[in-house]
Amino acid sequence: MTVTPIDLYASFVHLRPGGQVRAEQPVFDPERDGWQVMTFHVETDADVHGDHWEVHTAAEEVVSCLTGGIRVCLRPQQPGDEEEQIKLTAGTAAVVPRGRWHRIALDAPSDIMSITMPRGSRLEKRTEA
């Protein structure tokens, strides 16, 4: 096997069951088994689908801010509760609990890396401002 560099901004890294690791087209497939490492350069909230909540039901998700600044916003769990925000600066990460609806908001253009199991993940349009 030849070892070659992987452009993390042009590929997702799929950690397959059984121990294989493959660089693949950057497509988020909620039917895919195994862990997926995704790296993005983002300029606006639209780049991180900030108008949607997302949830991962198969695993927790690590969200890491590599450069810039972001906020991981957790959807209120009870009506009337406030949205919780975790501020991440360059070199920091947060673990989003399995099954917790969340979104990302930008404080500055950023590079973000996330790691999760995509199986069962869903998006839902935000209805609040």
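A salt bridge here is a side-chain nitrogen of Lys or Arg within 4 Å of a carboxyl oxygen of Asp or Glu. Glu24 and Arg32 fit the bill, their side chains meeting at 3.0 Å, N to O. The model in question is a predicted one, and a search through the whole of this structure turns up nine salt bridges. Both partners of the Glu24 pair are tucked away: Glu24 counts as buried at 17% relative accessibility, and Arg32 is buried as well, with a relative accessible area of 18%.

Next comes a salt bridge between Glu31 and Arg119, whose side chains meet at 3.4 Å, N to O. Glu31 sits in the loop between strand S2 (21–24) and S3, while Arg119 sits in the loop between strand S8 (102–116) and strand S9 (122–125), so this pair ties together parts that are 88 residues apart in sequence. As for accessibility, Glu31 counts as exposed at 54%, whereas Arg119 comes out as partly exposed at 33%.

Glu124 and Arg75 make another salt bridge, with 2.3 Å from N to O. Here Glu124 belongs to strand S9 and Arg75 to the loop between strand S5 (61–74) and strand S6 (84–89), so the contact links parts that are 49 residues apart in sequence. Neither end is buried, because the cut-off for that is under 20% relative accessible area: Glu124 is partly exposed at 33% relative accessibility, and Arg75 is partly exposed with a relative accessible area of 22%. Going back to Glu24 and Arg32, these two are joined with Arg16 into one network by salt bridges that share partners.

Charge also turns up over an aromatic ring. The ring of Trp53 has the charged end of Arg103 sitting over it, 5.5 Å from the ring centre. The charged end of Arg126 sits over the ring of Trp53 too, in this case 5.8 Å from its centre.

As for rings paired with rings, the count comes to one aromatic pair. The partners are Phe12 and Phe40, arranged edge-to-face, with 5.8 Å centre to centre and 80° between the planes. Phe12 lies in strand S1 (residues 12–15) and Phe40 in strand S3 (residues 35–42), so the pair ties together parts that are 28 residues apart in sequence. The two rings differ in how much they show: Phe12 is buried, with a relative accessible area of 5%, but Phe40 counts as partly exposed at 33% relative accessibility.

That leaves the cysteines. How many disulfides does the structure hold? The tally is zero. Cys65 is in no disulfide, and the nearest cysteine sulfur, that of Cys73, is 13 Å away. Cys73 is likewise in no disulfide, its nearest cysteine sulfur being that of Cys65. A disulfide calls for a pair of cysteine sulfur atoms within 2.5 Å, so a gap of 13 Å rules this pair out. Both cysteines are out of reach of the probe: Cys65 is buried, with a relative accessible area of 0%, and Cys73 is also buried, again with 0%.

Notes:
Residues numbered from 1 in each chain as written. Predicted model: local features only at pLDDT ≥ 70, side-chain atom pairs only at ≥ 80, totals over all residues. Heavy atoms only, no water. Buried < 20%, exposed > 50% of the residue type's maximum accessible area, 1.4 Å probe, protein only. Phe/Tyr/Trp six-rings, centres within 6.5 Å; stacked < 30°, edge-to-face > 60°. Helix = DSSP H or I, 4+ residues; strand = E, 2+ residues; numbered from the N terminus. Lys NZ or Arg CZ within 6 Å of the ring centre and 35° of its normal.
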